[in-house]
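Let us walk through a protein model together, moving from its overall make-up to its interior and then to its charged pairs. Keep the viewer open as you read.

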Amino acid sequence: MTDALRIINAEHGSMWRVLSLLDSLRAELEETAAPPHSELFTLIFDYLSSYADRMHHPKEDDFLFAILRRRDPAAAVLIDELQAEHRRGAELMDELRLDLEHVLRHHPHGRERFCARLRDYIEMERGHINKEEGQLMPLARERLTEVDWLEINRAFADNRDPLFGEESQAEFRELRRRIAHLAPTPHGLGGQARVVVHAPAPAVGAPLLEVEDLTSHYGRIQALRGISLRVRQGELVALVGANGAGKTTLLRTISGLQPASGGRILFQGQDITRLRADLRVRLGITQSPEGRQVFGPLSVEDNLRLGAYSRAKAKAGMAEDLERIYDLFPILREKRRLPAGTLSGGQQQMLAMGRALMGRPRLLLLDEPSMGLAPLLVEEIFSVVRELKRQGMTIFLVEQNAHAALSIADTGYVIETGATVLSDRGPALLANERVKAAYLGI
């Protein structure tokens, strides 16, 4: 798949997730007597309309569609249909905004019309995405030349472009965060990524963690078979693989919960292979474990304080760190007095990450942070991970969701049956045919 088509697919995925949230809200609205949530619906409408009109459609219209028209005049009928749907989508959105205003003023009058128009809009946009991916993309792959794709890919990859460059993308990421914060459980997460958490300097430098020919056993069963990898200061390294490949065992061995039977682990040049787990935490290795593993009967705030136990005698800065975590995840502030066991799965994942961050890590280990979460929550979790990386935190991320992990990783490793079988830069692994076939379903 070309870079441009991969970008379009990713944008479709982002829009589809927000459309799914909108569809769930529509269904809830039809089943209850409550009025629509004004701010949430407005944010969703702002996201869908501005994302499509300012970022997504211009790239397609000006580059992909225009070049395909020149190369294959017979494609014009399909392109005309898609561009008419672009215009109809904008018209429907204007009508939805008027309907929302009417319902909010005259509730319950107008609810049925609002819900029906929501249904029409969602069905049209989903059909549009399916038509692009099922009809236009195969046609483009068949008709366009290598020179055509070079021109299209160059335009799509231009992060300086004022319409759809990095600054515009950051604006839409912020909109998604606000939507996720306002959306009800299980859709809403409550994360906020523009907060500085205690982290090392952002420069990528010397190796922080070095794993050399590491082996580990559960009784007679060998779980790790000579793994070697390296994580540099300020780097995000992702380890991907199927269930049972040894990902969690590797993290447990690095953190000291699972004994190594061979090889060694170096942290900042120090051999920690036989060091106790609590002493590794004091060195600056903290972990957000698979399955969250929060202390259910304890309050959210007590769970967070436990994350700072290794520096409990020196309380300086603990209150400030709590505030940083609450700023990063506002929903935890709202629920700080509640038992952690009452939180949703997404909120417990935030708590597990916040607890690990309370240890002021030099190396943050994240074990399957997206496990069991709805797509919108997965997107928000990885938005937070991306922001921590931007701040310079060194992260070792273990994930079954290969696309999400490798798309933000500086370096990636693929593990199979306890051994690393591939390593490369994250984007390069995403393009690797073996990885695409085994882990991306391509």
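The paragraphs below begin with the ground rules and then visit one region after another.

This is a predicted model, in which local features need pLDDT of at least 70 and side-chain atom pairs count only at pLDDT 80 or more, while totals for chains, interfaces and linings use all residues. Residues are numbered from 1 along each chain as its sequence is written, and side-chain values use heavy atoms, with hydrogens and water left out.

Let us start with the whole. The protein has 16 helices and 10 strands; these are DSSP runs numbered from the N terminus, with helices being H or I of at least four residues and strands E of at least two. Of its 442 residues, 53% count as buried. Here buried means under 20% relative accessible area, exposed means over 50%, and partly exposed lies in between, with a 1.4 Å probe and protein chains only. About 19200 Å² is exposed by the protein, and carbon and sulfur atoms supply 52% of that area. Accessible areas come from the Shrake-Rupley method with a 1.4 Å probe, and for residues only the protein chains shown count as cover. As for contacts (heavy atoms within 4.5 Å), take those between residues at least 6 apart in sequence: 72% of them join residues at least 24 apart.

Now for the interior. A nonpolar core is a set of buried Ala, Val, Leu, Ile, Met, Phe, Trp, Tyr and Cys residues joined through side-chain atoms within 4.5 Å. The largest such core has 46 residues, and those with the most contacts inside it are Leu304, Leu332, Leu351, Leu364, Val385, Ile395 and Leu397. Helix α13 (residues 375-390) gives the most to this core, with seven residues. A second core, separate from it, has 32 residues, including Leu21, Phe45, Leu48 and Leu376. To see the surroundings of one core residue, select Leu304: leaving aside neighbours within four places in sequence, Leu304 is in contact with Leu322, Ile325, Tyr326, Leu351, Gly354, Arg355 and Met358.

Helix α5 (residues 146-156) is a good place to look at sidedness. Its buried residues are Asp148, Trp149, Ile152, Asn153, Ala155 and Phe156. They lie on the same side of α5 because they cover an arc of only 160° around the axis, where the arc is that of the directions from the helix axis to the C-beta atoms. On the face turned away from this buried side sit the exposed residues Glu146, Val147 and Arg154. The cover over the buried residues of α5 includes α1 (3-31), α2 (38-71) and α4 (111-143).

From there, move to His12 in helix α1. His12 is buried, with a relative accessible area of 2%. Apart from neighbours within four places in sequence, His12 is in contact with His56, Glu60, Ile129, Glu132, Glu133 and Met137. The C-alpha atoms of His12 and His128 are separated by 9.9 Å, although these two residues are 116 residues apart along the chain.

What about charged pairs? Side chains of opposite charge can pair when their charged atoms come close. The structure holds 31 salt bridges, each being a side-chain nitrogen of Lys or Arg within 4 Å of a carboxyl oxygen of Asp or Glu. One of them joins Glu30 to Arg26, with the closest N and O atoms 2.9 Å apart. Glu30 and Arg26 are four residues apart in helix α1, so about one helical turn separates them. Glu30 is partly exposed at 39% relative accessible area, whereas Arg26 is buried at 11%. Another salt bridge brings together the side chains of Glu85 and Lys131 (2.7 Å, N to O). This pair links distant parts of the chain, with Glu85 in helix α3 (residues 76-106) and Lys131 in helix α4, 46 residues apart. Both Glu85 and Lys131 are buried.

To finish, look at the surface. Phe295, Leu298 and Leu306 form a nonpolar patch there, with about 250 Å² of accessible area together. Patches are made of residues with over 30% relative accessible area and no salt bridge, where like charges are joined within 9 Å and nonpolar side chains (Val, Leu, Ile, Met, Phe, Trp, Tyr) within 5 Å. Leu298 lies in the loop between β6 (285-288) and α9 (300-306), and Leu298 is partly exposed, with a relative accessible area of 35%.
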